[in-house]
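User: Please examine the structure below and justify the terms applied to it. I would like each label set against its criterion.

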Amino acid sequence: MEHNSTFPIKTTELDMLRDEASSYLKSVQWEQGQRAKTMDKEAKDESILLYLSRANTGSKAVEITSVSKTILALKKRLLPDSIAIPVYLNQTLYAVQEGLTLGIWIKDSYYDASGLSSLNENKTALDTHGKREFESKMHTATAFMLFATAYKILNDLKPYASDDLSVMKQKFAGIPEVSLLSPIKGISCNLFYFDKYLGHPEIIKSDKDVIDFTVVYFESLIDEIQLRKGNLEYTETIEDRTYKLENSEFAVSGWNNVFEGTAKSVEFNKIKFEQIVGNRDAKHFARRLTERMLSYDFTAKKNPFQELGGFMPVFMGYGIPGTGKSMLIAAIATRLKEHCDALDIPFLFHPMPDTLISTFQGGSAEKMVEWMKPLQDPTKLIFAPIDDAENNLQERTAQGVSAGVKEVIGVFLRYTEGAYAVNYGNSSIGLFTNLPEMLDKAVISRVQGRFKIDGARTSHDFLDQDYLWWRKLEETMPQFVNMKNPGDYNYLQDQGVARNMGEILNVINKPTEARVHEVYDSIEKEFKTNEHLFYANLYKAIQKVFPFFSSRDVRNIQSTVSLRLTDFNLEKDWFENPEIYFKQDYETKFNMLQELMRANMKGLDFSEIRRQEVVRYIDNVATIADTDFKRKVDTRVNQLHVEREARHNFENDNESY
């Protein structure tokens, strides 16, 4: 569902609710449910569970707890000599209070938006249907309030928590029960168990543990609510809007949780571009991508290359199997990581997981949203490859395509263009595939940069591929490889990165696809390639042959021409001395790039670049369109060959009897 409206959370309105929030921290009362009291004794960390379930003493069923008193007791236990409340304890108490304040505001807002306020005022006069609606909306209001509370607490405390929370997660035995019966019960139940954990001597050993535990606890609360939200009704007024906190970046946007998936970078094998044989186009593209991403400005939250027209939020690498797709993904990640480490920039390697498609209805969309959400984080550079993209982004109209694939594509399209699409110029999604013709047409139309991954192509490429293999033998056993070296070629000499696309494309003259060639020639008889009308008529004629060719394709061609105009190397000393460029402010960086661009464009011919890129693009469109048909034909021809050979053998066998 589209988030189509944003509402401000005014700080003056929050000020009026803060007393209510702090009163809950001073005292809540909660009667444990029977299940929580008689917890499974086999569960992990029995002592903590028993401690939580042994909350009541004597016959008193309802117990009163106070988070603020527990924090004071912790201060005495952990830092007996300190007069002021230690900073971490104070920070946690404040964050929980602010979270509750915001949660209460969100709950009040839902009351008004969903019609729960008027049901509440007339609840004595409600009929059976009205009572059911009232209860149902109460559950939803409570869940949304707890979600917003936990989300705000995580937003405020996560930056101060330890990077590795695994030890705390081991100690944590889960939240025994979550009540959604009413807002007061929701808060009371939640703070009751939060308080019990804080009071357990095994959980909190230092003041830093208080922040770490609070993050683990409220992450768990969000998980609990995410599990139950499928059973909630009347959620329309939650999912169709965003609430943004005044003077802050913080926003509650439906049930979206940006902290999901912001985990550590996935590990990858370190690979240098020189270890990849051939693939000149792909290596050049990868180099440009890394340089452009590194130009992102964290203060301005934008990238100067976006303004110059040289940034690609979505790109595609395609080629036959065995040409080095996975190696290329690792090489891009390696290059980005090395530069990010040198420049002290946070980097996230965020490949799409293989387990994205769910058998549950709506499950795949949810997982895809979780995967795409971190791409909107402006605080790090993010490289998000989708390997074997045809598995999760397959043509939706093809026979037998699962509902899960359709859900994933729906989310992908929404997040790459539309209301959700936020791109600061710090993240890039790369589709890698052997079968581009199997990708959904709408997905392909989002691709703003594309390149072939074609592996070894020349005798020197194959020479180098062999060299990378036998040189290991040579190192361990010198003189063992007793073969003659080439006289006029130094190994790996051709495997460096090209200076610019012109070096790679100087062979492109006419289209290689027959149908495109025919159309191109017919238009060239009427117009010269340096006339604007040549392209207008070429596009119109191409559309007749390939009906799915659209204005979006023309925009993509314009993007690729812009990419060529920004196809220059960043100066070597910029990397060696980051103060010159990378550490400069946005305006300075932008001006420096403009100067480089102008110097680079002096040697270029716009009409020739435009011609080359148009030929490359429409050739590509034709290849993708024709490959599927060719594959079917080849399969059928192969079957006929097999049948003919089998018949021939059968007849020969019969004759020999």
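**Labels and their grounds**

Analyst: His 200 is a suitable starting point: this residue sits in the loop between helix 10 (183-198) and helix 11 (207-228). The model is a predicted one.

User: Why is His 200 called buried?

Analyst: The limit for buried is under 20% relative accessible area. His 200 has 6% relative accessibility, so the residue counts as buried.

User: What makes the approach of the His 200 side chain to the backbone nitrogen of Glu 202 a polar contact?

Analyst: The cut-off for such a pair of N or O atoms is within 3.5 Å. The side chain of His 200 reaches the backbone nitrogen of Glu 202 at 2.9 Å, so the distance meets that cut-off.

User: How do you know that Arg 132 and Glu 233 form a salt bridge?

Analyst: The criterion is a nitrogen-to-oxygen distance within 4 Å. The closest N and O atoms of Arg 132 and Glu 233 are 3.1 Å apart, so the pair qualifies. Arg 132 belongs to helix 8 and Glu 233 to the loop between helix 11 and helix 12 (236-239), so the bridge ties together parts 101 residues apart in sequence.

User: Why are Arg 132 and Glu 233 each called partly exposed?

Analyst: Partly exposed covers the range between the buried limit of 20% and the exposed limit of 50%. Arg 132 has a relative accessible area of 47%, and Glu 233 has 33%, so each is assigned to that class.

User: What are the classes of Lys 169 and Glu 219, whose side chains meet in a salt bridge?

Analyst: Lys 169 has a relative accessible area of 41% and is therefore partly exposed. Glu 219, at 17% relative accessibility, counts as buried. Their N to O distance is 3.9 Å, to be set against the limit of within 4 Å. Lys 169 lies in helix 9 (residues 166-171) and Glu 219 in helix 11, so parts 50 residues apart in sequence are tied together.

User: What makes Arg 396 and Asp 440 a salt bridge, and which class does each residue fall into?

Analyst: Their side chains meet at 2.9 Å, N to O, and the limit is within 4 Å. Arg 396 counts as partly exposed at 30% relative accessibility, whereas Asp 440 counts as buried at 2%. The structure holds 27 salt bridges.

User: Why does Glu 390 have no salt bridge?

Analyst: The nearest side chain of opposite charge, Lys 325, is 6.6 Å away; a salt bridge requires a distance within 4 Å, so this pair does not qualify. Glu 390 is nevertheless buried. Its side chain makes a polar contact with the side chain of Thr 433 at 2.6 Å. Glu 390 is located in the loop between strand 8 (381-386) and helix 17 (403-416).

User: Why is strand 8 described as largely enclosed?

Analyst: Of its 6 residues, 6 are buried, so strand 8 is largely enclosed by the rest of the structure. Leu 381, Phe 383 and Pro 385 point one way, while Ile 382, Ala 384 and Ile 386 point the other way.

User: How do you know that strand 8 pairs with strand 7 and strand 9?

Analyst: Pairing requires at least two bridges. Strand 7 (residues 347-349) and strand 8 pair in the parallel sense over 3 bridges. Strand 8 and strand 9 (residues 427-433) run parallel and are joined by 5 bridges. Both counts therefore satisfy the requirement. Phe 349 stands opposite Phe 383, and Ile 386 stands opposite Leu 431.

Conventions
Residues are numbered from 1 along each chain as its sequence is written. This is a predicted model: local features need pLDDT of at least 70, side-chain atom pairs count only at pLDDT 80 or more; totals for chains, interfaces and linings use all residues. Side-chain values use heavy atoms; hydrogens and water are left out. Helices (H or I, at least four residues) and strands (E, at least two) are DSSP runs, numbered from the N terminus. Buried means under 20% relative accessible area, exposed over 50%, partly exposed in between (1.4 Å probe, protein chains only). Lys and Arg count as positive and Asp and Glu as negative; His and the chain ends are not counted. A polar contact is a pair of N or O atoms within 3.5 Å; within protein, one must be able to donate a hydrogen and the other to accept it, and residues adjacent in sequence count only if both atoms are side-chain atoms.
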